[in-house]
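The following exercises practise the reading of a protein model. Each task is followed by a solution in steps.

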Amino acid sequence: MKILLLSCCAPCSCAVIEKMAREGYDFAVAFYNPNIVPAGEYEKRKEENRRLCEEQNVSFVELEYDNERWRTMVQGLENEPERGRRCEVCFYMRLRRVMAYAKENGFDAVASVLGVSRYKNLSQVNQAAQKAAEESGVPYLEIDGRKGGMQERRQQLIRDLGLYSQDYCGCKPRRENLENKKTPEL
């Protein structure tokens, strides 16, 4: 089975990528994150993801950066809290696009690490993925990168590889970041 793994960032995906590579999965990593602002932050995360894939000898696929489309999709949801309706729409949009790419390029299934962060709701990700899978006809493989020592391994890899670790999901910084004025508002 050939799998396309949607990665939001290198720190969230590193342990999953390492495990899948070690276990001999036939897979590639897709980077489709039009939610990330500003564009410079997007580039930084993309290049860090590419570097991680090169370290693991895993194919890396970059899909388009279309922040305008993403903004249109979440219009009216800008003030939703993290884990709110904006996240549902965002997860669905990104998974649907990756599934379309998978279907067009001979992948048998899609998986993602969108729910690895403690700030995300894994069941919300899986629900969005199931909806996208039903509509696209591309199966979704649920991955839990939080259990079975995966969080500990993830933290170790972040340190060992010196991975750039951002302090917000991409679309909207958490409150503490706003107070420090580290990133722009959505």
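**Exercise 1. Determine the strand order of the sheet and identify its edges.**

Step 1. The open sheet has 5 strands in the order 3-2-1-4-5, and their pairing is parallel. Strands are DSSP runs of E with at least two residues, helices are runs of H or I with at least four residues, and both are numbered from the N terminus. Two strands pair if DSSP finds at least two bridges between them.

Step 2. Strand 3 (59-62) and strand 5 (140-141) each have a single partner strand, so they stand at the edges and one side of each is left without a neighbour in the sheet.

The model is predicted: local features need pLDDT of at least 70, side-chain atom pairs count only at pLDDT 80 or more, and totals for chains, interfaces and linings use all residues. Residues are numbered from 1 along each chain as its sequence is written, and side-chain values use heavy atoms, with hydrogens and water left out.

**Exercise 2. Describe the pairing and the burial of strand 4.**

Step 1. Strand 4 (residues 109-112) runs parallel to strand 1 (residues 2-6), and 4 bridges join the two. Leu-4 stands opposite Val-110, and Leu-5 has Ala-111 as its bridge partner.

Step 2. Strand 4 also pairs with strand 5 in the parallel sense, over 2 bridges. Here Val-110 has Tyr-140 as its bridge partner.

Step 3. In a regular strand, side chains alternate between the two faces of the sheet. In strand 4, Ala-109 and Ala-111 lie on one side, Val-110 and Ser-112 on the other, and all are buried, so that both faces are covered. Buried means under 20% relative accessible area, exposed over 50%, and partly exposed in between (1.4 Å probe, protein chains only).

**Exercise 3. Locate Ser-136 and state its contacts.**

Step 1. Ser-136 belongs to helix 5 (residues 122-136).

Step 2. With a relative accessible area of 6%, Ser-136 is buried.

Step 3. Leaving aside residues up to four places away in sequence, Ser-136 touches Arg-96, Met-99 and Lys-103. Contact means heavy atoms within 4.5 Å.

**Exercise 4. Classify the lining of the second largest pocket.**

Step 1. By class, the lining has 8 nonpolar, 1 polar and 5 charged residues. Ala, Val, Leu, Ile, Met, Phe, Trp, Tyr, Cys and Pro count as nonpolar, Asp, Glu, Lys and Arg as charged, and the others, Gly among them, as polar.

Step 2. Helix 1 (residues 10-22) supplies the largest share of this lining, 3 residues. A pocket is an open set of points on a 1 Å grid over the protein atoms alone, where a 1.4 Å probe fits, with protein on both sides within 12 Å along at least five of seven lines; lining residues have an atom within 4 Å of a point.
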